[in-house]
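Here is a walk through one protein chain, helix and sheets included. Keep the sequence and the 3D view at hand as you read.

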Amino acid sequence: MNKTDNKAYLTVKDHSVSGEEFQLVYNEALDLLETHPQPSEDKLGDYYQSEDYISHTDAKRNLFEKAYHFIKSVALKRKLKLISSFNSENKKLLDVGCGTGDFLKVAKDDNWTVSGIEPNKNARAIANQKTNNTVFDIDHLLKFEPHSFDVITLWHVLEHLPKLENHIAVFESLLKPNGRLLIAVPNFKSYDANHYKTFWAAYDVPRHLWHFSQESISRLVKPKNMEVEKTVPMTFDAYYVSLLSEKYKNGIMNPLKAFWVGLRSNMKARRTREYSSLIYVIKKS
């Protein structure tokens with residue numbers, strides 16, 4: 001990453017695992033924030049060791065987890081509709097960071113040929129039960145044939161990946177000509193990010209190594225012969241993130257306050273397009 005002209009932006013606490021504080025440093029060249037210091041790759045896994053890390057489990061132990069899985073079920077249908085709109089001839093899909101495999105399962109049921117990457121052993125085992133053993137550890141990413149996928153998806157995954165620009169290059173190499181790379185990430189320029197500041201749950205340091213703007217995604221993919229074709233708002237994220245941000249800020253989730261902040265965020269984003277999270281539909285040349 002380009003380390004020139006980087007400036008301190010915020011100090012943010014890891015609210016969910018370690019309680020440690022990290023700096024967010026603004027990278028002017030790419031218009032993104034970097035978590036500093038970033039844990040070494042051999043230590044990064046320690047920050048995921050929590051029963052509350054919801055994407056690695058199918059648990060529905062409380063109202064929050066039940067709400068999460070209900071919203072996820074709605075989002076899965078929308079995601080499937082989005083990838084089906086590309087009219088891909090062979091319908092070959094790679095989902096990177098697939099968690100417990102729910103998106104792969106709905107795509108497989110819709111006649112997509114699916115593959116997944118998931119570094120968490122427990123989540124990968126659950127995913128493989130749902131997909132007939134088509135999910136692999138991250139090392140397998142370099143074993144796929146080049147130009148073999150019509151669609152590659154990363155649903156809130158890119159922010160977790162070290163060696164960011166190297167990963168973008170790998171994804172480009174795995175896509176067929178005119179294939180699509182779909183990246184869903186939080187937007188640090190959204191209203192709810194500005195409202196909660198250091199308590200904004202989508203910073204999620206140090207698991208989130210990078211924090212993106214719309215401009216940063218365009219700058220990252222352009223040198224790799226790809227361009228952002230369109231963006232799709234993830235309106236549910238404003239409410240979910242606000243609910244968790246309320247807990248970090250005030251010690252309780254406060255659903256009414258979180259709903260109001262999420263609603264304001266989405267209403268303002270109708271004009272600014274700065275939604276809490278966005279899906280970037282990126283087309284390869």
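Let's begin with helix α9, residues 255–272: its 18 residues should span 26 Å at 1.5 Å a residue, and the C-alpha atoms at its ends lie 25 Å apart, which agrees. Please keep in mind that this is a predicted model.

Which residues of α9 are buried? They are Ala 258, Val 261, Gly 262, Ser 265, Asn 266 and Ala 269. These residues cover an arc of only 135 degrees around the axis, which puts them on the same side of α9. The cover over the buried residues of α9 includes α6 (191–196) and α8 (235–250). On the face turned away from the buried side, α9 carries the exposed residues Leu 256, Arg 270 and Arg 271. Just after α9 comes Arg 273, with a positive phi of about 65 degrees.

**The open sheet**

Four strands make up an open sheet with antiparallel pairing, in the order β1-β2-β3-β9. β1 (6–13) and β9 (210–211) are the edge strands, each with a single partner, so one side of each has no neighbour in the sheet. The pairings in this sheet, along with two that involve β11, are set out below.

| Strand pair (antiparallel) | Bridges | Citation |
|---|---|---|
| β1 and β2 (residues 21–27) | seven bridges | |
| β2 and β3 | five bridges | |
| β3 (residues 32–36) and β9 | two bridges | |
| β8 and β11 | seven bridges | |
| β10 (residues 226–233) and β11 | seven bridges | |

Some residue pairs help you find your way along these strands. Lys 13 stands opposite Glu 21 in β2, Tyr 26 has Leu 33 in β3 as its bridge partner, and Glu 34 stands opposite Trp 210 in β9. β2 and β3 form a hairpin with four residues between them, and in the turn Asp 31 has a positive phi of about 55 degrees.

Thr 35 is worth a closer look. This residue lies in strand β3 and is buried, with a relative accessible area of 2%. A polar atom of the Thr 35 side chain lies 2.7 Å from the backbone oxygen of His 208. Leaving aside residues up to four places away in sequence, Thr 35 touches Phe 22, Gln 23, Leu 24, Val 205, Pro 206, His 208, Leu 209 and His 211.

**Strand β11 and the nonpolar cores**

Is β11 enclosed or open? Seven of its eight residues are buried, so β11 is largely enclosed by the rest of the structure. Two bridge pairs mark its place: Leu 181 is partnered with Ile 282 in β11, and Pro 233 with Leu 278 in β11.

The largest nonpolar core holds 36 residues, of which Ile 152, Leu 154 and Leu 158 touch the most other members. At least two residues of this core come from each of β4 (92–96), β7 (149–155), α5 (164–174), β8 (175–186), α7 (214–221) and β11 (277–284). The largest share is that of α5, with five residues.

What does Ile 152 touch, not counting residues up to four places away in sequence? Its contacts are Leu 94, Val 96, Phe 171, Leu 174, Leu 175, Arg 180, Leu 181 and Leu 182. There is also a second, separate core of 21 residues, with Leu 76, Leu 93, Ala 184 and Ile 279 among them.

Methods:
Residues numbered from 1 in each chain as written. Predicted model: local features only at pLDDT ≥ 70, side-chain atom pairs only at ≥ 80, totals over all residues. Heavy atoms only, no water. Pairing = 2+ DSSP bridges. Core = buried A, V, L, I, M, F, W, Y, C linked by side-chain atoms within 4.5 Å. Buried < 20%, exposed > 50% of the residue type's maximum accessible area, 1.4 Å probe, protein only. Contact = heavy atoms within 4.5 Å. Polar contact = N/O pair within 3.5 Å; in protein donor to acceptor, adjacent residues only side chain to side chain. Expected span 1.5 Å × (residues − 1). Arc of directions from axis to C-beta.
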